[in-house]
Structures are given as C-alpha cells and as structure tokens.
2 protein chains.
Amino acid sequence: MIGRLNHVAIAVPDLEASIAQYRDVLGAKVSEPQDEPDHGVTVVFVELPNTKIELLYPLGENSPIKGFLEKNTSGGIHHVCYEVDDILAARDKLKATGARVLGDGDPKIGAHGKPVLFLHPKDFNGTLVELEQV
Amino acid sequence: MIGRLNHVAIAVPDLEASIAQYRDVLGAKVSEPQDEPDHGVTVVFVELPNTKIELLYPLGENSPIKGFLEKNTSGGIHHVCYEVDDILAARDKLKATGARVLGDGDPKIGAHGKPVLFLHPKDFNGTLVELEQV
C-alpha cells in the first residue's frame, strides 16, 4: 500500500541558519523558502537524490508547528510522509485496524497540492505519519 | 557532500506490533528482525521503493535506545542517516563550522558494516544525524 518516502519534515527554529547548514556545510541543493499561508508554514526543500527533507518554519500566529518548537526549542523531526495510490482506501484500511486519522478524517489538500491525511502518532510508534496520494 | 537519505530510524516499544503494522496494514516489504549485539539493537528494515525505514528495538542492558524509549514510551523517530562519499572529509568540514561529532570523533563501523558518525542533535535542528560512508 505505501510507496515512496515522499519527505521527512524537520521543524527548525532558525530557517536561515538551517538553510546555510544544509546548503553550505552539507552541500545539498536547497530551494528558496516558500510561504504556505494555508498551512501556517514556510517550507524549504532540501533535495536529496532519492527523496527530500522539508525544513518547516512557523508562518503566522496559528502555525501548527509553533507549539512543537516551543517544546523542542532546537527543532526536531516533525513527521514522515509516505506516498499512497489511493488515500481513501488507505484510510479505510487503517481505520479498520483502529488507527486514528487526525482531524475530521477526510483528506485535505496538502502543501504540494495533493490529498493528504495525518495519522495519530500514538498509533504509529510515536511518529506523526502523513499519507499523500500521488 | 551529502547524498541519498539512507534510512530513517524509528525506535519502537513493541517490535512485533510495529512489524505487523508496516507489513500487514501499510503493505510494506519488511525484513526479518536482525540482532546487532555490537550496537545494542534489533533491527527490522522496512523497504520502500526509494529508501528504508529502520525499526529499532533495544537489545541487551546497555542498548543506546533504551533511554530514548523510556522518555518516548510510544516510540519515536530516532535519527536520519545521510550517505557521504568521504566521511573524514565530511567530518572535518562539519567540525570546522563548530558542529559536534558524538563520541571520540572517529568513524565507527555501523550496523551496515560501513563507517558512520553521529552529529550532535543540538547542532542540527534537534535531529540526530548519522553520516554513513558508502
């Protein structure tokens, strides 16, 4: 059911410092920052040969990662995103096993313009899992 | 300098349950558990098309992930591993920018039989980063 690891998202407290670290020290290809006001984040893509790292920085007062960064002041890995072919089939299969889908359970349009769902970390080894239909 | 994302390691409190979840619910290809006594972990590889997830479970009394699971009782993402061509060159470049290498600073042979280093999470957005020479 799950396909590629689409990305690993890392919440960062200082976006410029993180960009410099990935670009200048680690030598990775790093995108320009993109504001995603609908999602309350500014995103920078670190493009690796096989997947990407998304650096997330809070945008606006109601950013969903603001609380995370208050608890994790150095930053931290926020979630992993797995690709699926059919997000509704995936959701229904997961729900049938007792896994909780966050929010109202319906896919939303994510930061890449594709349907996404988030699964409750307590049901997935303490890991916030995003499913993205590709 | 950094290449592929080699793996994302997730520490899990119940290895059998995590295997069943990735294999039976998410439909991923999952390896047999492998004991790595030199590293104090039992490892299960979840093979995705572009990278892998490593499920880590403590092995022995001095397992390096025992404390992590005491703090994160549901489990959690433990580290990410980036591939590098030349681990000594990578280390020296990182150290020159003030990044701290864990342990004595010399590469060790990791769980895949290749030289690895770990970087201090406080210097990398709260993320424990493993570098593996491939």
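Does Asn125(B), at 7% relative accessibility, count as buried or exposed, and what is the reason for the label? In this predicted model, Asn125(B) counts as buried because its relative accessibility of 7% falls under the 20% limit set for that class.

**Chain A as a whole**

Chain A contains three helices and nine strands, and its elements, read from the N terminus, follow the order β-α-β-β-β-β-α-β-α-β-β-β. For 134 residues a compact globule would have a radius of gyration near 14 Å, and the value of 15 Å found for chain A agrees with this. Along the principal axes, the C-alpha atoms of chain A fill a box of roughly 45 × 30 × 25 Å. Buried residues account for 51% of the 134 residues in chain A, and, among its contacts with a separation of 6 or more, 52% join residues that are 24 or more positions apart.

The surface that chain A exposes amounts to about 6,000 Å², with carbon and sulfur atoms supplying 49% of it. Its charged side chains comprise 13 positive and 20 negative ones, and the centres of these two sets lie 6 Å apart.

**The nonpolar core**

The largest nonpolar core has 62 residues, and those touching the most other members are Val8(A), Tyr82(A), Leu131(A), Val8(B), Tyr82(B) and Leu131(B). Beyond its neighbours within four places in sequence, Val8(B) is in contact with residues of chain A, namely Leu5(A), Val8(A) and Val80(A), as well as with residues of chain B, among them Lys52(B), Ile53(B), Glu54(B) and Ile77(B).

Val129(A), which belongs to strand β9 (residues 129-133) of chain A, is buried with a relative accessible area of 0%. Its contacts outside the four-place window are Val80(A), Tyr82(A), Leu117(A), Phe118(A), Leu119(A) and Phe124(A), so that Tyr82(A), listed above for the core, appears again here.

**Helix α1 of chain B**

Ile19(B) lies in helix α1 (residues 15-25) of chain B, and Ser18(B) is found in that helix too. Ile19(B) is buried, at a relative accessible area of 5%, and Ser18(B) is likewise buried, at 1%. With neighbours within four places set aside, Ile19(B) is in contact with Asp24(B), Val30(B), Pro33(B), Val44(B) and Leu55(B), whereas Ser18(B) is in contact with Val12(B) and Leu55(B) and also with Asn125(A) of the other chain.

The table lists C-alpha separations for pairs that include the residues discussed above.

| Pair | Separation in sequence | C-alpha distance |
|---|---|---|
| Ile19(B) and Val44(B) | 25 residues | 7.8 Å |
| Val129(A) and Val8(A) | 121 residues | 9.8 Å |
| Ser18(B) and Asp106(B) | 88 residues | 33 Å |

**Asn125 in the two chains**

Asn125(A), the residue that Ser18(B) contacts across the chains, sits in the loop between β8 (115-119) and β9 of chain A, and it is buried at a relative accessible area of 7%. Its phi is near 55°, a positive value in a residue other than glycine. Asn125(B), in the loop between β8 (115-119) and β9 (129-133) of chain B, has a positive phi of about 55° although it is not a glycine. As a point of reference, most residues other than glycine have a negative phi.

Conventions:
Residues numbered from 1 in each chain as written. Chains lettered and ligands numbered in written order. Predicted model: local features only at pLDDT ≥ 70, side-chain atom pairs only at ≥ 80, totals over all residues. Heavy atoms only, no water. Helix = DSSP H or I, 4+ residues; strand = E, 2+ residues; numbered from the N terminus. Rg over C-alpha atoms; globule rule 2.2 N^0.38 Å. Buried < 20%, exposed > 50% of the residue type's maximum accessible area, 1.4 Å probe, protein only. Contact = heavy atoms within 4.5 Å. Areas by Shrake-Rupley, 256 points an atom, 1.4 Å probe, with all protein chains shown as cover. Lys, Arg positive; Asp, Glu negative; His and termini not counted. Charge placed at Lys NZ, Arg CZ, Asp CG, Glu CD. Core = buried A, V, L, I, M, F, W, Y, C linked by side-chain atoms within 4.5 Å.
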